[in-house]
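Biologist: I'm a first-year student, and I'd like to learn to read a model by starting from one part of its surface. Could you take a close look at a nonpolar patch and then walk me onward from there?

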Amino acid sequence: MTEREFLNDKERAIKVDYRKISTILWNMKYILLMSIILCLTGAYFYIRYTTPIYKKNITVVLKNQQTQYSDNYQLISNTLGIGNKTSPDNQIFILKSATLMSRVVELGNFNVRYFSKGRFIDTEQYTDSPVKFSFKPKVNNEKVNINLEITFSAGKEIFIDSLSINNEPISLPTRKINFGQVVNTPAGSFNLTAQENIDVSKLIGQMCITRSNVENAARALTGALEITSSAQQPDALIISLREKHPKRIEDILNMLIDEYNILTKENDSQSILSTISFLDERIMGLEDELEEVEGSFTKYQTANELVDLGSQSQIAMNSEQGYKERSNDLRLQLNLLANIKKSFESNVHELIPANIGIIDGTLNTSISQYNQYVIDRNRMLAGSSENNPKVQIINDLIAVLRRNIKQSIDNLEADYKLQLQSTTKQQNLNQRELTAMPSKQLALTRMSRLQQVKEPLYTLLQQKREEALLMLSSLSNQAYVVDKAFGSDFPIYPKGGDIYMLALIVSIFVPVFIVLIMNIFRDKIIFEKDITDRTDILLLGAIPSALKNRKSPMKAHIITATGRDPLTESFRMLRTKLENFTINKKKQGGLILQISSSGPWEGKSFVSINMSLSLAYLGKKVLLIGADLHKPALSKYLGIDSKEKGLSTYLAGMVDDIHQVIIPHESTPNLEIIPAGPIPLNPSELLSLPLLEKTLDELRNEYDYIIIDSAPFLVVSSGFIISKYADCTLYIVRSDYTKFSAIDALNSIVKEGSLQSVMLLLNAVSFNKKSIYGVSRSGQAYGYGYGYGYVEHNKKNKSNL
């Protein structure tokens with residue numbers, strides 16, 4: 001064979017060996033079975049002792065501006081300039097606010113929870129707690145978290161096992177208390193009372209009672225709250241809550257909607273109540289003024305006996321009346337503007353009385369918009385803070401409207417004052433015509449005119465007040481409940497089917513993944529495929545592990561001529577392949593076969609001996625040469641004294657004839673041996689002498705096969721020296737010992753041309769020892785005629801090479 005005959009530079013396609021994978025899985029069946037049992041058992045206990053989580057839903061519809069209120073409400077709200085537009089996003093924001101949930105927690109006492117102590121898990125007793133816990137905190141000490149553990153003694157007494165407040169243990173003067181007895185603590189006092197229809201004489205067992213501060217409990221519930229709007233109906237909201245007790249979830253959701261409706265009514269009524277308060281204040285002032293005018297008028301008429309002033313005075317007064325009415329209207333507008341301005345400047349975010357008689361439509365519209373923004377802002381602040389971006393946007397809008405309203409008031413005041421000045425001027429001219437009238441008649445007319453000014457304003461304010469009261473009574477719920485809290489009574493977590501399925505998947509994939517990772521990071525050759533995937537060098541075969549004495553590892557198993565064990569048969573098959581394989585001899589005569597490896601302990605000496613014996617049993621004349629002059633092992637295997645003359649003494653010139661160091665095998669006539677001899681100081685130099693090549697050429701004519709046990713290639717250079725004289729090199733690779741890097745190094749050596757005509761042999765394959773990688777540790781079924789009744793296996797001994 002040429003030096004490139006065994007190499008091929010083509011790219012190898014990566015193929016999946018499904019047979020190998022199925023074999024690995026089959027050999028892992030007991031590991032997988034144990035993993036499945038353990039994981040399913042763990043899943044059972046996890047499901048059994050994990051507190052279940054339930055989920056309930058409630059569906060509500062938010063009433064919009066067109067459907068929320070009655071027609072009267074709409075008419076009056078438009079008249080007063082107060083709108084009530086709702087946004088689903090804003091309402092969701094309010095529903096998820098901690099402020100609203102705090103009201104629910106306080107009303108339903110949801111910050112107190114009762115648990116029955118169990119061996120591994122505590123069970124919540126939401127509706128069937130035998131006792132009721134009441135706590136009265138000290139002043140300014142609302143944020144108190146309490147954890148109380150008690151034991152019932154089948155009587156009127158309760159034993160306090162432990163008490164902690166804000167995670168700090170509290171010691172009490174006595175651990176034994178009675179039902180209803182008040183217990184004082186640094187944070188406040190509490191007592192335990194029996195529920196109705198509970199026979200305290202039958203109470204036994206332990207309980208745990210926890211009390212969280214309202215804010216923490218509200219935020220915990222808010223975090224578990226989910227609100228989504230319907231895609232088909234934007235005003236419809238689906239509110240979901242996850243909790244540990246299904247009945248508790250229903251009560252919280254139902255109470256949440258009730259409190260939400262109450263809160264929205266309170267917010268919506270603020271503007272109306274503010275208007276009513278303003279109207280009441282003005283009506284009371286007008287009543288006092290009318291009483292004073294009417295009293296003065298009556299007294300003046302009685303004192304001066306005035307009845308009818310005549311038509312002449314009436315004509316003059318008609319003109320005067322026109323000017324007075326105009327002046328009164330202007331003064332009324334200025335008065336109303338002054339009142340609004342005074343109310344407007346009192347507070348930045350205070351509602352402004354709307355449509356109380358101002359005739360300017362633009363100003364009324366601005367005031368209505370301003371009131372709406374103030375209502376929206378206060379509604380958002382119920383569930384948020386000033387830092388909320390939406391609140392800040394509304395604040396900016398309110399500031400702009402305030403400037404516009406103030407500018408409008410200033411402009412109207414200036415215009416009305418100019419008109420009043422003009423009207424007053426005309427009135428003065430008309431009054432000159434009335435100077436001739438009796439002073440009594442003129443005074444009476446003035447009093448009558450003042451009364452006529454006050455009465456229409458009084459009537460108008462009374463009407464506006466009644467309209468506001470009607471609007472207040474027309475308020476309805478913001479949210480209409482379509483479906484009360486509903487949902488399955490089965491927990492959403494843990495779900496038994498999902499947990500068991502996950503456990504089953506984990507129990508299968510984790511062991512397989514571990515094995516695959518071990519195989520991926522494996523750096524030693526085990527399979528024949530590990531060799532064939534990494535090199536194109538011919539793999540001659542595989543040798544099973546040999547039996548040896550563990551106390552003396554060098555005394556390895558030697559095959560016999562009549563043996564029927566797998567080791568003997570493997571060398572017979574190896575011998576047959578070697579004979580059938582055409583090897584190009586460098587010179588005429590016998591075949592020189594070098595046997596080496598990448599390092600020590602890979603079995604090159606063991607293979608050399610048994611290969612020589614197998615050929616000798618066939619009748620071939622075989623010479624076995626121990627050429628490992630660095631660390632000779634051949635003599636130890638064969639029981640030859642290392643101090644005996646050998647190859648080293650011949651090459652060193654201490655022996656003239658090579659036949660003087662040849663030793664016949666004690667039981668095989670056709671096999672002769674040249675031991676390595678004493679270890680020299682310069683083994684590589686001795687092997688490089690021309691004498692070795694000359695001697696091998698002479699010995700070719702005397703023997704059919706010359707087997708040379710040389711030093712490892714990757715350790716010293718002696719192997720390369722001998723390879724120049726050998727016709728072929730048999731490179732030994734030991735299963736589960738030789739690393740992949742040795743094959744890579746061999747490929748490089750062959751490609752460089754430093755080694756020619758190479759064959760590989762996989763040694764120490766364990767056929768009897770099963771592995772997760774396959775039938776044997778090699779991962780493949782090495783038949784080769786070693787089984788099926790044709791060979792005898794020594795089952796009492798263990799394979800160890």
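**From a surface patch to a covered strand**

Modeller: Happily! In this predicted model, Leu-502, Val-506, Val-510, Phe-513, Ile-514 and Met-518 make a nonpolar surface patch of about 550 Å². Let's choose one member, Phe-513, which is found in helix α13, spanning residues 496–520. Is Phe-513 buried or exposed? Phe-513 counts as exposed because its relative accessible area is 53%, and the cut-off for that word is over 50%.

Just ahead of this helix there is a backbone detail to look at. Pro-494 has its place in the loop between β14 (479–486) and α13. The peptide bond that runs from Tyr-493 to Pro-494 is cis, with omega near -5 degrees.

Now compare a patch of another kind. Glu-287, Asp-288, Glu-291, Glu-292, Glu-294 and Glu-455 form a negative surface patch. Which element gives the largest share of the negative patch? That is helix α8 (residues 246–304), which supplies five residues. Asp-288 is one of the patch members, and its place is in helix α8.

Charges also meet in pairs. Side chains of opposite charge can pair when their charged atoms come close. How many salt bridges does a search of the whole structure find? The search finds 25. Let's visit a few of them.

Glu-124 and Arg-113 meet through their side chains in a salt bridge, at 2.8 Å from N to O. Glu-124 lies in strand β3 (residues 123–124) and Arg-113 in strand β2, so this pair ties together parts that are 11 residues apart in sequence. Both partners, Glu-124 and Arg-113, are buried.

Strand β2 (residues 112–116) also holds Ser-116. Ser-116 counts as partly exposed because its relative accessibility is 25%. From Ser-116 to Ile-150 the separation is 34 residues in sequence, and 10.0 Å in space from C-alpha to C-alpha.

Another salt bridge joins the side chains of Arg-248 and Glu-243, at 3.5 Å from N to O. Arg-248 and Glu-243 are both buried.

A further pair is Asp-628 with Lys-604, whose side chains meet in a salt bridge at 3.2 Å, N to O. Asp-628 lies in the loop between β17 and α17 (634–638) and Lys-604 in helix α16 (residues 604–617), so the pair ties together parts that are 24 residues apart in sequence. Why do we call Asp-628 buried? Asp-628 is buried because its relative accessible area is 5%, and buried means under 20%. Lys-604 is buried too, with a relative accessible area of 8%.

Salt bridges can also link up. Lys-587, Glu-693, Asp-697, Arg-700 and Asp-727 are linked in a network of salt bridges.

Our walk now goes to the strands. Strand β20 (residues 705–709) is mostly covered, with five of its five residues buried. In a regular strand the side chains alternate between the two faces of the sheet. What does that look like in β20? On one side sit Tyr-705, Ile-707 and Asp-709, and on the other Ile-706 and Ile-708, all of them buried, which leaves both faces covered.

Strand β16 (residues 591–597) runs parallel to β20, and five bridges join the two. Within that pairing, Ile-595 stands opposite Asp-709 in β20. Strand β17 (residues 622–626) also runs parallel to β20 and is joined to it by five bridges. Here Val-622 stands opposite Tyr-705 in β20.

Two loops make a good last stop. Trp-601 is found in the loop between β16 and α16. Its phi is near 65 degrees, a positive value in a residue other than glycine. Asp-736 is found in the loop between β21 (728–734) and α22 (740–752). Asp-736 likewise has a positive phi, of about 65 degrees, although it is not a glycine. With a relative accessible area of 27%, Asp-736 is partly exposed.

How values were computed: Residues are numbered from 1 along each chain as its sequence is written. This is a predicted model: local features need pLDDT of at least 70, side-chain atom pairs count only at pLDDT 80 or more; totals for chains, interfaces and linings use all residues. Side-chain values use heavy atoms; hydrogens and water are left out. Patches are made of residues with over 30% relative accessible area and no salt bridge: like charges are joined within 9 Å, nonpolar side chains (Val, Leu, Ile, Met, Phe, Trp, Tyr) within 5 Å. Accessible areas come from the Shrake-Rupley method with a 1.4 Å probe; for residues, only the protein chains shown count as cover. A salt bridge is a side-chain nitrogen of Lys or Arg within 4 Å of a carboxyl oxygen of Asp or Glu. Lys and Arg count as positive and Asp and Glu as negative; His and the chain ends are not counted. The place of a charge is taken as NZ of Lys, CZ of Arg, CG of Asp or CD of Glu. Helices (H or I, at least four residues) and strands (E, at least two) are DSSP runs, numbered from the N terminus. Buried means under 20% relative accessible area, exposed over 50%, partly exposed in between (1.4 Å probe, protein chains only). Two strands pair if DSSP finds at least two bridges between them.
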